[in-house]
Each structure stands twice: as C-alpha cells, then as structure tokens.
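Trainee: Could we go through this structure together, one question at a time, and tie each answer to the elements and residues that support it?

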Amino acid sequence: MAETTAVLNWAHRAPCSKTIHDPSAKSPTKIKSHTGFALVTGAKMIILAIETSCDETAVAVMRNGREQLSSELFSQADMHAMYGGVVPEIASRNHTAVIGKLSELAVKNAGIELKDIDAVAVTYAPGLIGALLVGVNFAKGLAFSLGVPLIPVHHIRGHIAANYIAYPELEPPFLCTIVSGGNSLIADVRGYTDIRILGRSRDDAAGECFDKSARVLGLGYPGGPALDKLAQSGDDSLFNLPRPVIDGFPYDMSFSGLKTAVVNIVHNAEQKGETLDTASLAASIARAVSDILVPRIMTAAGELGYSKIAIAGGVAANSRIRADFLKAAEEAGHTLFIPPLKLCGDNAAMIGCQGFYEHLAGVSAGMDLNAYATLDADAEYTEK
Ligand code: KG4
C-alpha cells in the first residue's frame, strides 16, 4: 500500500508538493524531477497499467515496477480469426466494451482499492490508432479522477521491460531483440529509458511473416503458435527460403521476401495439384526467421562488447528461435534473458513495469496525451 500520495496539478503542471516514491534509493532523499515531482524514497509505488495497442485488452497492477499484483488479459483473437487477421474497428469496440470490467478485476485481484493507486501507465504508441485511443482515454479518465500522474509508455519499451519482471537481477545495459506482430528490431538498452535502435525490419515484422505464412497454409489466426507446433515434426532443410542481407546495414532485416516465397510455394503446389509437406515448410520458415534474427544480435553483442542479451515480443515465444538464441548465447558465453511465454505476448504488466522507470525518469503526460500509430522506441515522450 502506498505511504504517500501522488497528486498532479493538471491545470498548471507546475512544480508543487507532489510526492512519489523511489524505492531504488536507499536513504530518504528527495529528488526533484523535471515534471515538478519530488521522488520520495522508502515507499511502495503502485501503478495500474493499461495496454490496448492491438487485439488484447490488458490491465495490470504492479508494485515498484517489477512486482506483479495482478495481470488481466482479454484476448480478442477468436473474434478476428474468421477474418484471418485483426480488424481495427472490431478491436477498438471490444476494448471499449471490456476495459472497465477488466480494470475492476485487476484492482480486485491485486487486493487493493482504487485509492491505493499512485499512478496510471498506458501504452500510447505504436499500434492500431483506434485501439490505442481507447486505452489512452480510459487511462486519462482514471488518472484524472484519482488525481494521480499519467505515465505514457511506448509499447516496444514495454516488451523490453517484460524481461525485468522475469529477471529481478536484470539491469541495463544490454542488447535486446524485439520481435512481435508489428515490429522487429534490435535495441541497445543503455538505460531503462535510454534506448537506441541498432537495426530494424525494412518491411514486414517477423510476426507478420509467421501469421501470413500460417494463413496461406490454412492454420488460422494468430498463426505463429500453430506454425510453431506444426514445425515440430518437420524437416527444416527441405525448403530453401531467403535470408536477405541489407548492404551497409548489418543489423537491419527484411521478412517480406520470405513471406512472398512461402506464399508462392503454397500457390505453386496448389496449382500443380501437389501435396505439400507443410510440417517441413513450417520448420523451414522458423529456421529462416531464426537465421535472420540470431546472428544479428550476436554480431552486435560482439561489436559493442555486450555480454547480456535479451529477446522480447510475441515471436520470442517461438520454440526454434528460443532454442537457437540459447545455443548461440551459450557458445558465445553470453547471458541470455528470455521472458516466460505469458510475458512474451502483449500484456499490461510489462507496461506497468516500464511505466515505473519512465516515472522515475520524470516522464508524465497531461490530459492532452494523444496516441500514435507509429513512433520509434527511442523517441522521448514530449508534451505536445
Ligand atoms: O507481442 P505480440 O503479442 O503483439 C504485438 O505486439 O504484435 O505478438 C504477436 C505475434 C503474432 O504475430 C503471433 O503470431 C506471434 O507473435 N507469435 C508467434 C508465436 N507465438 C506468438 N510466432 C511464432 N511462434 C510462436 N510460438
């Protein structure tokens, strides 16, 4: 339970007697952040976090960043499955329908009351704009009514932070590959809020490649987990799939050629009336994606002198990719951090965790907080 209260003066946002907690500090010193908050030591900070960037409505209650008091998730996957992918309008409407009840549940399951919440964190970018806006506006209303700070959190930073929840000992700096349905990038995590992007996909995300390949194979949506399962009984050397290299940009990636190659293989087989070894195609896809991801971060770790590497995002749940990262890290003598499966995909615990560190860095938003469909993970939040 909170020992002090954080109060935000929405009207002026000027330095005042607001107090929040910095449990990482040992002595009871006060630090003044640029937002005018005094960070006070020795107390527990409770953040209610909201994530609605795609088709998962998620609300979590986190204590001091890494301690999960509750984490609730409502997946809309079944509602989008019949369309073969996420329908933005449907996603927004479902977020609207469930976010209130889910928040009540998160508070109840955390064993707290609304008055115990010290701040509200919310994903504000990147993602489906309508879906993001539902979470942002709900978070604004809650923060405003409770009189607590509103913390904007970048979705990708949240994925990185999933590792902090899983590994209490993990601290920056480290390298992290973030692979999800909408993003694929390699980040140099220099500090909790100091992220540099070393490389990224020039086109599709790795998750998009898995999902579209699965769709053409009739595996439904989301296709990644089904493709992963199918790949277990396949021969990963049966299909020769592309692993593009981008001249002069060793850490950049491309997955659209791989996706197109898979679509062509399936269509050619259909046209010729041939039976396709789908398990081996699935295994070959996983191997190709892994061959694109793993060497890049290993090279980056060698060049930048990092010995700690992490992976994050929905695609980090892939068994082939996890195994290849583990093997490569072991061979190089690096420490590898991989979140458990439930923290790989979208969730609100990771947003609450990153929100805590953003808050300590003095990041807060006013009632003018907006949502952004695209925004780089290294962009600092600035009031518009
Ligand atoms: O992180 P996430 O839940 O949402 C985004 O932020 O995009 O990632 C979802 C993506 C989907 O493309 C899904 O197919 C993929 O993660 N995924 C997987 C696996 N589990 C989820 N891809 C490959 N293998 C898996 N086991």
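Trainee: How many helices and strands make up the secondary structure of the protein?
Mentor: Please keep in mind that this is a predicted model. Of the 384 residues in the protein, 52% are buried, and residues 24 or more positions apart account for 70% of the contacts with a separation of 6 or more. The secondary structure of the protein comes to eleven helices and 13 strands.

Trainee: Which strands stand at the edges of the open sheet with the order S6-S5-S4-S7-S8?
Mentor: This sheet has five strands with mixed pairing. An edge strand has a single partner strand, so one side of it is left without a neighbour in the sheet. That description fits strand S6 (67-75) and strand S8 (150-154).

Trainee: In that sheet, which residue of S8 is the bridge partner of Ala125?
Mentor: Strand S7, which covers residues 119-125, pairs with S8 in the parallel sense over five bridges. In S8, the bridge partner of Ala125 is His154.

Trainee: At about what angle does the direction of helix H4 stand to that of S8?
Mentor: Two helices can be described against this sheet, and one of them, helix H2 (residues 88-110), lies across strand S4 (46-51), strand S5 (56-63) and S6, running at about 25° to S5. Helix H4 (residues 155-166) also packs on the sheet, where it touches S6, S7 and S8. The direction of H4 makes an angle with that of S8 of about 95°.

Trainee: Is the peptide bond from Ala125 to Pro126 cis or trans?
Mentor: Most peptide bonds are trans. Pro126 is found in the loop between S7 and helix H3 (129-146), and the bond that leads into Pro126 from Ala125 has omega near -15°. The peptide bond from Ala125 to Pro126 is therefore not one of the usual kind but cis.

Trainee: Where is Pro173, the second residue of the cis peptide bond from Pro172?
Mentor: The peptide bond from Pro172 to Pro173 is cis, with omega near 5°. Pro173 is found in the loop between H4 and S9.

Trainee: Is Asn64 buried, exposed or partly exposed?
Mentor: Asn64 lies in the loop between S5 and S6, and its phi is near 50°, a positive value in a residue other than glycine. A residue counts as buried with 20 or more other C-beta atoms within 10 Å of its own and as exposed with 12 or fewer. Because Asn64 has 16 other C-beta atoms within 10 Å, it is partly exposed.

Trainee: What is the average twist from one strand to the next in the sheet with the order S11-S10-S9-S12-S13?
Mentor: This is an open sheet of five strands with mixed pairing. Strand S11 (194-200) and strand S13 (335-337) stand at its edges, each with a single partner strand, so one side of each is left without a neighbour in the sheet. From one strand to the next, the twist averages 25°.

Trainee: How many residues lie between S10 and S11 in their hairpin?
Mentor: S9 and S10 run antiparallel and are joined by six bridges, with a hairpin of four residues connecting them. S10 and S11 also pair in the antiparallel sense over six bridges, one pair of bridge partners being Leu185 and Arg200. In the hairpin that S10 and S11 form, the number of residues between them is two.

Trainee: Which element gives the most to the largest nonpolar core?
Mentor: The largest nonpolar core has 116 residues, and those with the most contacts inside it are Ala49, Val120, Cys176 and Ala187. The element that gives the most to this core, with 13 residues, is H8.

Trainee: Which element gives the largest share of the shell around the ligand?
Mentor: The ligand is surrounded by 19 residues, the closest being Gly181, Gly207, Gly224, Gly314 and Asn318. Helix H5 (206-216) and helix H6 (223-231) are the elements that give two or more residues to this shell. The largest share, four residues, comes from H6.

Key: Residues are numbered from 1 along each chain as its sequence is written. This is a predicted model: local features need pLDDT of at least 70, side-chain atom pairs count only at pLDDT 80 or more; totals for chains, interfaces and linings use all residues. Two strands pair if DSSP finds at least two bridges between them. Axes are lines fitted to C-alpha atoms, for helices over the stretch in contact, and angles run from 0 to 180 degrees between N-to-C directions. A nonpolar core is a set of buried Ala, Val, Leu, Ile, Met, Phe, Trp, Tyr and Cys residues joined through C-beta atoms within 7 Å. A residue is near a molecule or strand if its C-beta atom, placed from the backbone, lies within 6 Å of it. Two residues are in contact if their C-beta atoms, placed from the backbone, lie within 7 Å.
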